Amino acid sequence: MIEKKSRTSLSSFSILLLLLIAVAIITWFVPGSEKAPIQGATLSMVAMAPFNGFVNAIDVCIFVLVLGGFLGIISSTGALDSGIKTLVKKLHGNELKLIPILMFLFSVGGTTYGMLEETTPFYLLLAATMVAAGFDSLVGASVVLLGAGSGVLGSTVNPFAVGAATSSLVDNGVSINNGIIIILGIILWLSSYAISVFFVMRYAKKVKADKGSTILSLQEQESMKESFMDKEFIADDTLTKNQKLVLVLFALTFVIMIVAFIPWGDLGVNFFEGWTNHLTGSDIGTWYFAEATTWFLIMSIIIGFAGKLSEKNFVKSFIAGAGDMMSVVLIIALARGISILMAPVDEGGTGLQYWILLNAANALQGMSAGIFAPLSYLLYCLLSFLIPSSSGLATASMPIMGPLAAELGFSPEVMIMIFVAGNGLVNLFTPTCGAIMGGFEIAKIEYSTWLKFSAKIILTIAVVSCVILTIAMVIL
C-alpha cells in the first residue's frame, strides 16, 4: 500500500519538478527589457522554491493537515463508510441522478465565491461515494473538479475573480457595468456545466454497465480498491445512534465551512455581522483557511466525543489522518513554489510572468474585435499556467489588458470575462494548482489519466466559451 502511494505521489512530483526546471531554464534565454526586467533563475532560487512555496501556502497546508486529522477521526467512528453504504442502497437504480445534482451544487459555489481549494476534502468523500455506487474514483473527482470549475469559469459575483478584476479597472479609471458581467457569467457557467455533466454522465454509465470500461490503470484500480473498497466499508451498512449523530455533525461541519467562505458582505447581506465572530474572531462570510482550520480542529474534538473514541484512539486516528495528507501538502508547496519563481523581480522572482503579459499586450494592439477576443482568451490561458491565483492574475494583468481593450473601443466587461473564462478553463487541468494535484492524490488518480479523460471536455468548453466571448466582444 505504501509503495503504491509513493508511485502516485512520484508522478505528480515529477511533473512539477520538470516544470520548475523548465521555467528556470527559460528565464536564461528570454531577453528582458526596462519595463519587464528578467532575472535568470539562480541555483538558490530553484533550490529554495519548494520551501518558499510551503511558506507562501502555509495556511492551505495546515488546513489540509488538520482536514486529514478530521477525516481520520470520522473514519475511526465507521459512520462515513456506513452512511455512504446506506445512501447508495437507498438510491439503488438512481445513482446517476447524484451526478448532475452534486455538480450543480459545486458549480454554485464556484460562480459565487470561487470554490476551488475548499473542494479538497470533497475528493475523498465523492470518490468513496461514487465507487460505492458502482462507478470509479475518476467519476467522483470529476464531479468535484468539473462541477466547481464550471462555476468558477462562469463567475458572476466571485470576489476573487470578478471582484478583483473589476476593482483593478475601477482603480485605473475604467467604468464597469456589472449587469453585463453577471449575464455573461451565467451564460458561460451554465454552458460549461451542461457540457461537463454530459461527458461525466456518459462515462459513468459506461463504467456502471461494464467495470472494464474504466480508463484507470491497473495500479490506479488497485489503489482505488484499497482506499475506497476495504473490508470495513463493505462489511456493515447499519448506522448506530452514535454514528447517525456523527454524520449530522460531519454534514454540519461542511455546511458551516461553505457558508462561512461565501463573502456575504460583497453580496449586500449583513445578517452574519457582529454576532458570528465569537468562535474564530471572524464573522461568517469573512473566513479563510485560518478560521476553517480552527473550525475543523474543534469539530474533530466534538465528533471524537460523539463517536465515543478513547483518548488514545482519538490521537492515533488524528495523527494517522494528518499523515495521509503529507503527500498532498508537499505537492501544494511545490506547485506554489513554481508560481513564486515566476513572480516579478522586485518580489524576488524571475519576472517571467510580467514579461509575457507585457509583450502579449503590445502584440494585440490594433486588432479587430473578432481577432482580439480569441487571442486575449489564449493569452489568459497561458498566463493562468504562470499565475494560477485568480486574484493574483487579475491584479497583475487587468491594469494592462482592461485599459487596452477600452482604448481600442472594446467592452472592458467582456475583457473581464475573458480573463475569468481563460483562468477558469486552465484551473481544470493545470499542474501548477496545488488544490487540483492534491485532489487527484486523494482520489488516487494519476495526472496523466485526468488529462486523457478530460481532454475532450476541456476542448469543448474552450471552443464554446471562446465563441460566446468573441460574439459578446463584437456585439458590445
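The legends below accompany an overall view and several close-up views of a predicted model.

**Figure 1. Overall view of the predicted protein, with 21 helices and 0 strands.** The C-alpha atoms fill a box of roughly 70 × 55 × 50 Å along the principal axes, and the radius of gyration of 23 Å agrees with the value near 23 Å that a compact globule of 476 residues would have. Of these 476 residues, 56% count as buried, and among the contacts with a separation of 6 or more, 82% join residues that are 24 or more positions apart. The accessible surface comes to about 19800 Å², with 67% of that area belonging to carbon and sulfur atoms. The protein carries 24 positive and 29 negative side chains, and the centres of these two sets lie 15 Å apart.

**Figure 2. Close-up of helix α5, residues 98-113.** This helix of 16 residues reaches 23 Å from its first C-alpha to its last, which is close to the 22 Å expected at 1.5 Å a residue. Its buried residues include Leu98, Ile99, Pro100, Met103 and Phe106, as well as Gly109, Gly110 and Tyr113. The buried residues of α5 pack against α6 (120-132), α7 (137-153), α8 (159-171), α9 (178-209) and α12 (241-261). After the helix comes Gly114, whose phi is positive, near 70°.

**Figure 3. Close-up of Val174 in the loop between α8 and α9.** Val174 counts as buried because its relative accessibility, 12%, falls under the 20% cut-off. Leaving aside residues up to four places away in sequence, Val174 touches Leu169, Pro403 and Pro412. Val174 and Pro403 are 229 residues apart along the chain, yet their C-alpha atoms are separated by 7.0 Å.

**Figure 4. Close-up of Lys308 in the loop between α13 (289-306) and α14 (311-324).** Most residues other than glycine have a negative phi. Lys308, by contrast, has a positive phi, near 60°. With a relative accessible area of 65%, Lys308 lies over the 50% cut-off and is therefore exposed.

**Figure 5. Close-up of Lys444 in the loop between α20 (434-443) and α21 (447-475).** Phi of Lys444 is likewise positive, near 65°, in a residue other than glycine. Whereas Lys308 is exposed, Lys444 counts as buried, since its relative accessibility is 13% and buried means under 20%.

Key:
Residues are numbered from 1 along each chain as its sequence is written. This is a predicted model: local features need pLDDT of at least 70, side-chain atom pairs count only at pLDDT 80 or more; totals for chains, interfaces and linings use all residues. Side-chain values use heavy atoms; hydrogens and water are left out. Helices (H or I, at least four residues) and strands (E, at least two) are DSSP runs, numbered from the N terminus. The radius of gyration is taken over C-alpha atoms; the globule rule is 2.2 Å times the number of residues to the power 0.38. Buried means under 20% relative accessible area, exposed over 50%, partly exposed in between (1.4 Å probe, protein chains only). Contact means heavy atoms within 4.5 Å. Accessible areas come from the Shrake-Rupley method with a 1.4 Å probe; for residues, only the protein chains shown count as cover. Lys and Arg count as positive and Asp and Glu as negative; His and the chain ends are not counted. The place of a charge is taken as NZ of Lys, CZ of Arg, CG of Asp or CD of Glu. The expected span of a helix is 1.5 Å times one less than its number of residues.
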